[in-house]
Structure formats: structure tokens, C-alpha cells
Amino acid sequence: CDLLNPETYASEEAASYFAALDERMAKDKSPVLPSNGHLATTCPKAAGEWGVAASIWPIGENDVHFAWFVDGGLFWPRPEGATQDIAVDGIDCGKTSLDDALVGDNWEVLFRADKFVTVPVKFEDELRKELKKSFAI
């Protein structure tokens, strides 16, 4: 996965961090890991630094999982003094919810989905409007 590749962040330290996080999360039986997931951010500006900012729409209900730090923020680099406590949807009920993570300011969310669609942010409002018309959301 890209998160385990030193070229992603141009950093061996980042790749080592994600490899260690992958091991830790696997021990906790997390269904989403750095090795099988992707990072998304709640901040379009931050997403734009990596390319076209887009929202992620998982398709289907099977094998769709999310993980985030309970105190929010980035996976890498992890802010000094930030907790290492990760919430995983469906496993860590009561810590914080995915809704909390999605409205956080510049929170990163690790997600796993067999299929997903990316929608450029500039089209998201129009897509939501049309989906509401069709009663899809």
C-alpha cells in the first residue's frame, strides 16, 4: 500500500511509522490497516495539496471500514502530545463516532473499501442535490 512506501511522504520515517501502526492495528484485529486502506481528510485545502480535492463515496456495505484518532488530527505527522488511541467503526463504539471525525477540522480518516467513487469537491453539492431528488439519500 502507498502508506508503507517511503516515496509517499518522501520519508523513511513515515513508512516505518505506518508499518508499526499496521502491526499494532493488526494485533487489535482491526479490519482497516495502513496496508489495506487509504487516508482521507476532512479538509479540502489539505486534500488539494495531494491533487484534486474529492469526497469519497464507498460502494456497497461489505468490507467498508473506517479508523481515526479519537482526538482527531493527522496520522502523519502525528502532533506532539497527541494520543495514539484509534477508534475503528463497529469495534470501538462509544469512543467517538465517525460523524465526529467527519466534522472535525482537518481530521484524517483511514478507510478501507473494496469499491469506492471519488467525486471532485466542486461537484459534491450538485450530486447531493440530485441524489436527494431520487430519494437515494
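Which residue lies over the face of Phe-69? Arg-78 occupies that position, at 3.6 Å from the ring centre. This report describes a predicted model, and it proceeds from the aromatic rings to the cores, the strands and the backbone.

## Aromatic rings

A pair of aromatic rings is described by the distance of the centres and the angle of the planes. In this structure the count of aromatic pairs comes to six. One of them joins Tyr-9 and Phe-18, which are stacked, with 5.8 Å from centre to centre and 20° between the planes. Another joins Tyr-17 and Phe-18: their ring centres are 5.2 Å apart and their planes stand at 75°, so this pair is edge-to-face, as an angle over 60 degrees requires.

These three residues belong to one aromatic cluster, which is formed by Tyr-9, Tyr-17, Phe-18, Trp-50 and Trp-76. Phe-18 has a relative accessible area of 1%, and because this is under 20% the residue counts as buried. Tyr-17 has a value of 16% and is therefore buried by the rule of under 20% as well.

## The nonpolar cores

The largest nonpolar core contains 15 residues. Those with the most contacts inside this core are Phe-18, Leu-21, Met-25, Ala-67, Phe-75, Ile-86 and Leu-110. Two or more residues each are given by helix H1 (12–27), strand E3 (65–69) and strand E4 (86–88). The largest share, five residues, comes from H1. A second, separate core of nine residues includes Trp-68, Trp-107, Phe-111 and Ala-113.

Phe-18 also illustrates how parts of the chain meet. Apart from its neighbours within four places in sequence, Phe-18 is in contact with Leu-3, Leu-4, Tyr-9, Pro-34, Leu-39, Phe-75 and Trp-76.

## Strand E2 and helix H4

Strand E2 (residues 54–58) has two faces: Ser-55 and Trp-57 lie on the covered one, whereas Ala-54, Ile-56 and Pro-58 lie on the uncovered one. E2 pairs with strand E6 (residues 116–120) in the antiparallel sense, over five bridges. Within this arrangement, Ala-54 of E2 stands opposite Pro-120 in E6.

Helix H4 (residues 121–133) allows a check of length. At 1.5 Å a residue, its 13 residues should span 18 Å, because the expected span is 1.5 Å times one less than the number of residues. The C-alpha atoms at the ends of H4 are 19 Å apart, which agrees.

## Notable backbone angles

Which residue takes a positive phi just after H4? Phe-135 does, with a value of about 65°. Ala-10, in the segment before H1, has phi near 55°, a positive value in a residue other than glycine. Ala-10 is exposed, with a relative accessible area of 70%.

Asn-106 likewise has a positive phi, near 60°. Asn-106 is placed in the loop between helix H3 (98–103) and strand E5 (108–112), and is partly exposed, with a relative accessible area of 26%. Leaving aside neighbours within four places in sequence, the contacts of Asn-106 are Thr-41, Thr-42, Cys-43, Ala-46, Gly-73 and Leu-74. Asn-106 and Ala-10 are 96 residues apart along the chain, and their C-alpha atoms are separated by 21 Å.

## A cis peptide bond

Is the peptide bond from Trp-76 to Pro-77 cis or trans? The bond is cis, with omega near -10°. Pro-77 has its place in the loop between E3 and E4, while Trp-76 is one of the residues of the aromatic cluster described above.

Key: Residues are numbered from 1 along each chain as its sequence is written. This is a predicted model: local features need pLDDT of at least 70, side-chain atom pairs count only at pLDDT 80 or more; totals for chains, interfaces and linings use all residues. Side-chain values use heavy atoms; hydrogens and water are left out. Buried means under 20% relative accessible area, exposed over 50%, partly exposed in between (1.4 Å probe, protein chains only). Helices (H or I, at least four residues) and strands (E, at least two) are DSSP runs, numbered from the N terminus. Two strands pair if DSSP finds at least two bridges between them. Rings of Phe, Tyr and Trp (its six-membered ring) pair if their centres lie within 6.5 Å; planes under 30 degrees apart count as stacked, over 60 as edge-to-face and the rest as tilted. A charge sits over a ring if NZ of Lys or CZ of Arg is within 6 Å of the ring centre and within 35 degrees of the ring normal. A nonpolar core is a set of buried Ala, Val, Leu, Ile, Met, Phe, Trp, Tyr and Cys residues joined through side-chain atoms within 4.5 Å. Contact means heavy atoms within 4.5 Å.
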